[in-house]
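Hi,

As promised, here is the structure we talked about. Have a look at it first, and then read on for my notes.

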Amino acid sequence: TSKEVKQILYDSKVLVDGNPRKSNNFPVGIMDKISIPSMNEYYIILYDNQGRLCPKKIDQKEVLHKTCKIRNKTIINGKKIQLNLYDAKNIIVTDNSYKPGDSIIMSLPDLKIQKHLKLEKGSLVTLTAGKHKGAFGKVEEIKIFKGTEKNRIILLSHDKKIETLKDYAFVIDKEI
């Protein structure tokens, strides 16, 4: 019942990205890790083949890291670089090799960068918007159009070529 769910949440028995959440209105999105340690249950939120968010069961060791897409990069005081991530997190780095559209793998819950995944030819991506939302595939080509933000990618997904906007691509480490 709703009352039981609220009590479970209030007792900090549910963790989202390694942090206890007490509100039943707390939003979860793609790539968020949900843990229920007392039941030994661990999930990742992904899109299904119809573009709906759905949980997928994972191992306990997979909860220790999260893949985040870089939305924007800005320079702040002291010539430091701030990465603005898709889930409203911000991380300050000194390395200038990160680009919007790339992804990073962070450890949870301390948010330390473990790996940099570049959006380039041969990268494995999942689509997070558009007609093919939820599809996985390898990038075959990136089409850059000067003076426009409508850059496109072509990816190969199950022997089918999909052309979509570059902004829809979320680089991942391995197919989940």
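Which element gives the most to the lining of the largest pocket? That would be H1, with 3 residues. Before I go further, please keep in mind that this is a predicted model.

Let me stay with the pocket for a moment. The space in the largest pocket comes to about 320 Å³. Two elements give two or more residues to its lining, namely helix H1 (2–10) and strand S3 (33–36). The lining has 15 residues in total, and those nearest the centre of the pocket are Val 5, Ile 8, Leu 9, Val 14 and Ile 36. By type, the lining splits into 10 nonpolar, 3 polar and 2 charged residues.

Now the overall picture. The protein chain has 176 residues, and 40% of them count as buried. Its secondary structure amounts to 1 helix and 15 strands. If you draw a box along the principal axes, the C-alpha atoms fill roughly 55 × 45 × 25 Å. For contacts with a separation of 6 or more, 36% are between residues 24 or more positions apart.

Next, the stretch from S3 to S5. S3 pairs with S4 in the antiparallel sense, over 4 bridges. If you want a residue pair to click on, Lys 33 has Ile 44 in S4 as its bridge partner. The two strands make a hairpin with 4 residues between them, and Asn 40 in the turn has a positive phi of about 60°. S4 (residues 41–47) then runs antiparallel to strand S5 (residues 53–57), with 5 bridges joining them. Here Tyr 47 has Leu 53 in S5 as its bridge partner. The S4 and S5 hairpin has 5 residues between the strands, and Gly 51 takes a positive phi near 85°.

S4 is mostly covered, with 6 of its 7 residues buried. One residue to check there is Glu 41, which lies in strand S4. Is Glu 41 buried or exposed? Its relative accessible area is 16%, so Glu 41 counts as buried, the cut-off being under 20%. Leaving out neighbours within four places in sequence, the contacts of Glu 41 are Ile 34, Ser 35, Ile 36 and Lys 57.

On to the salt bridges. How many does a search of the whole structure find? The search finds 11 salt bridges. The part I would show you first is a network that links Asp 17, Asp 32, Lys 66, Asp 87 and Lys 89. Within it, the side chains of Lys 66 and Asp 17 meet at 2.7 Å, N to O. Lys 66 is in strand S6 (residues 65–76) and Asp 17 is in the loop between strand S1 (15–16) and strand S2 (19–20), so this pair ties together parts that are 49 residues apart in sequence. Both Lys 66 and Asp 17 are buried.

Lys 66 also meets the side chain of Asp 87 in a salt bridge, again given as 2.7 Å, N to O. That pair links distant parts of the chain too, 21 residues apart, with Asp 87 in the loop between strand S7 (80–85) and strand S8 (90–93) and Lys 66 in strand S6. Lys 66 has a relative accessible area of 0%, so Lys 66 counts as buried.

Another salt bridge brings together the side chains of Lys 161 and Glu 140, at 3.3 Å, N to O. Lys 161 sits in strand S14 (residues 160–165) and Glu 140 in strand S12 (residues 136–143), so the pair ties together parts that are 21 residues apart in sequence. Lys 161 is exposed, with a relative accessible area of 60%, whereas Glu 140 is partly exposed at 27%.

One last residue, back in S6: Thr 67 is found in that strand. Thr 67 is buried, with a relative accessible area of 11%. Which residues does Thr 67 touch, not counting those up to four places away in sequence? They are Met 31, Tyr 86, Ser 103, Ile 104, Ile 105, Leu 117, Phe 170 and Val 171.

Have a browse and tell me what you think.

Cheers

How values were computed
Residues numbered from 1 in each chain as written. Predicted model: local features only at pLDDT ≥ 70, side-chain atom pairs only at ≥ 80, totals over all residues. Heavy atoms only, no water. 1 Å grid on protein atoms, 1.4 Å probe; cavity = no way out; pocket = protein on both sides within 12 Å on 5 of 7 lines; lining within 4 Å. Points joined across faces, edges and corners; volume = space filled by probe spheres on them. Nonpolar A, V, L, I, M, F, W, Y, C, P; charged D, E, K, R; others polar. Buried < 20%, exposed > 50% of the residue type's maximum accessible area, 1.4 Å probe, protein only. Pairing = 2+ DSSP bridges. Contact = heavy atoms within 4.5 Å. Salt bridge = Lys/Arg side-chain N within 4 Å of Asp/Glu carboxyl O.
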